[in-house]
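Let's walk through this fold together, from a single pair of residues out to the helices around it. Please have the structure open as you read.

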Amino acid sequence: MTQFEIQRMIDTNTLILSRWQIFWHYSIIPFLLIAPAMTTVDVFKYYVTHTYNSTNPIDLEFGYMWVLLAVIFFFIQRHRLRFKIINVSINNDTFHNTVKQTAKELEWDITQMTNSFVIAKSSFSWRSWGEQITIIHDKDKILFNSICDPDNRPSVASFGMNKINRKTFEKFLH
């Protein structure tokens, strides 16, 4: 992660992902749009080409309700990229000690660590498929984000592990 990307994350308060990570993070949305696409094909066949030859009527409500669900998941996934702000002024040593204590407690694997930036990953467990934890130490605040690992298989539920990651970090911070 470059210093420019870190500064951009601080300025926008949003986690930056690579293209493949973005693809996997939002991968639930195209899956949810399969039914509306198939319904649209059936509507086209029925009204435009007159080649719809099924005895079942086209169920527009069922077909297009998935669009609403896809929109809802888009906003949920976008919201998950937002950092949680912890307003605290600490030095670099305290920051590193807090990260190391939390990593030991929750068995994180720290993949990148600088004076102001940490990326850690949790592994597969009975509660989740793994998370990516990003922590940025700014002047008088800490930006914390924990999402389902975008480098792992797609997941839209962490079963509370994202919150546990943040709460445990805050516990060691105070």
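This is a predicted model, and a good place to start is I85, which stands opposite L143 in β5. That pair belongs to a wider match: β1 and β5 (residues 142-148) run antiparallel to each other and are joined over three bridges.

Now zoom out to the whole sheet. It is open and built from five strands, in the order β1-β5-β4-β3-β2, with antiparallel pairing. The edges are held by β1 (84-86) and β2 (109-113); each has a single partner strand, so one side of each is left without a neighbour in the sheet. On average, neighbouring strands here are turned by 20° against each other, direction ignored.

Which helices lie across these strands? One is α1 (residues 3-12), which lies across β3 (117-121), β4 (131-137) and β5 and runs at about 85° to β4. Another is α6 (residues 92-106), lying across β2, β3, β4 and β5, at about 155° to β2.

Let's finish with a pair of helices. Two packed helices are described by the angle between their axes and the distance between the axes. For α4 (residues 34-49) and α5 (residues 60-80), the angle is about 140° and the axes are 7 Å apart. Because of that angle, α4 is oblique to α5. The crossing of α4 past α5 is left-handed.

What meets what where α4 and α5 touch? From α4 come A35, P36, T39, T40 and V43, and they meet L60, G63, Y64, W66 and V67 of α5. Sorted by class, this contact has seven nonpolar and three polar residues, and no charged ones.

Notes:
Residues numbered from 1 in each chain as written. Predicted model: local features only at pLDDT ≥ 70, side-chain atom pairs only at ≥ 80, totals over all residues. Heavy atoms only, no water. Axes fitted to C-alpha atoms, helices over the stretch in contact; angles between N-to-C directions. Helix = DSSP H or I, 4+ residues; strand = E, 2+ residues; numbered from the N terminus. Parallel < 35°, antiparallel > 145°, perpendicular 65-115°, else oblique. Left-handed = near helix turned anticlockwise from the far one by under 90°. Contact = heavy atoms within 4.5 Å. Nonpolar A, V, L, I, M, F, W, Y, C, P; charged D, E, K, R; others polar. Pairing = 2+ DSSP bridges.
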